[in-house]
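Visitor: I have a model open and some labels to test. Take me through the reasoning behind each one.

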Amino acid sequence: MGLLLALALSLVLRWHYLRFSSVFANRDHLANILPLVAATTLLVITVVKSSLALSLGLVGAMSIVRFRTPIKEPEELGYLFLAIGIGLGAGAGQLLITAVVTLAILAFMWTLKHYSSPREAEDYDLFVEIDGAIDNQHGVTDRILKSIADQAASLNLAKLEQSESGLMIGATISLRNHADINDLISTIRSLSPTARCTFIDHKAVTL
């Protein structure tokens with residue numbers, strides 16, 4: 001019963017993360033890890049909860065583990081802690097309180113997202129780089145920048161470089177939804193079929 005509850009709640013947590021999280025990068029990878037974290041925590045707690053010796057052994061074993069993967073967003077850490085909490089509660093046999101508190105936390109987080117301002121809730125800050133053999137004789141650059149400005153919540157031009165091989169545009173933008181990236185790429189390709197578009201999480205870029 002504990003395992004079934006942990007898996008069910010972790011799947012709800014996974015859906016909530018994919019649907020409402022403001023994290024842009026690495027979303028699918030972390031979402032798929034959440035059920036694994038919950039189930040693994042349940043297994044550990046179930047094994048050690050009835051034995052003091054095993055509990056002390058767990059402390060010694062965990063002291064040699066080092067996690068090197070950086071957590072860039074505090075929101076990611078919150079979801080990971082909630083997944084661990086699901087495993088702890090289910091492994092300890094506290095099924096009712098685990099289910100109630102988890103669903104209450106997710107409902108509260110949804111409420112914050114729903115009633116926050118649109119920019120706080122849905123904007124994604126990105127660095128976009130557009131380069132290639134872009135012909136600027138007919139004002140293609142201005143049209144590309146205008147199309148980005150029309151589709152993005154904000155646009156700050158960071159770099160514009162013209163060379164013999166072509167044109168390179170670098171800008172920081174805010175998209176209202178991560179799904180708008182495909183629409184933006186289609187618009188840019190319609191203006192310049194040879195353009196190459198690269199989108200990077202703005203937090204990982206130093207200008």
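Visitor: How do you know that the span of helix H7 agrees with its twelve residues?

Guide: First, the ground rules. This is a predicted model, where local features need pLDDT of at least 70, side-chain atom pairs count only at pLDDT 80 or more, and totals for chains, interfaces and linings use all residues. Residues are numbered from 1 along each chain as its sequence is written, and side-chain values use heavy atoms, with hydrogens and water left out. Helices are DSSP runs of H or I, at least four residues, numbered from the N terminus. The expected span is 1.5 Å times one less than the number of residues. For H7, residues 140–151, that gives 16 Å; the end C-alpha atoms are 17 Å apart, so the two agree.

Visitor: What makes the buried residues of H7 line one face?

Guide: Buried means under 20% relative accessible area, exposed over 50%, partly exposed in between (1.4 Å probe, protein chains only). In H7 the buried ones are Val-140, Thr-141, Ile-144, Leu-145, Ser-147 and Ile-148. The arc is taken from the directions from the helix axis to the C-beta atoms. Here the buried residues fall within 160°, so they line one face of H7. Asp-142, Lys-146 and Asp-150 are exposed on the other side.

Visitor: How do you know that the buried residues of H8 are on the same side?

Guide: Ile-181, Leu-184 and Ile-188 are buried in H8. They cover an arc of only 65° around the axis, which puts them on the same side of H8. On the other side, Asn-182 and Ser-190 are exposed.

Visitor: Why is Phe-20 called buried?

Guide: Its relative accessible area is 15%. The cut-off is under 20%, so Phe-20 qualifies.

Visitor: Why is the pair of Tyr-17 and Tyr-79 called edge-to-face?

Guide: Rings of Phe, Tyr and Trp (its six-membered ring) pair if their centres lie within 6.5 Å; planes under 30 degrees apart count as stacked, over 60 as edge-to-face and the rest as tilted. The centres of Tyr-17 and Tyr-79 are 4.9 Å apart and the planes are at 75°, so the pair is edge-to-face. Tyr-17 lies in helix H1 and Tyr-79 in helix H4, so the pair ties together parts 62 residues apart in sequence.

Visitor: What makes a set of residues a nonpolar core?

Guide: The members are buried Ala, Val, Leu, Ile, Met, Phe, Trp, Tyr and Cys residues, joined through side-chain atoms within 4.5 Å. The largest such core has 20 residues; Leu-13, Tyr-17, Leu-34 and Ile-86 touch the most other members. Helices H1, H2, H4 and H5 each supply at least two of its residues.
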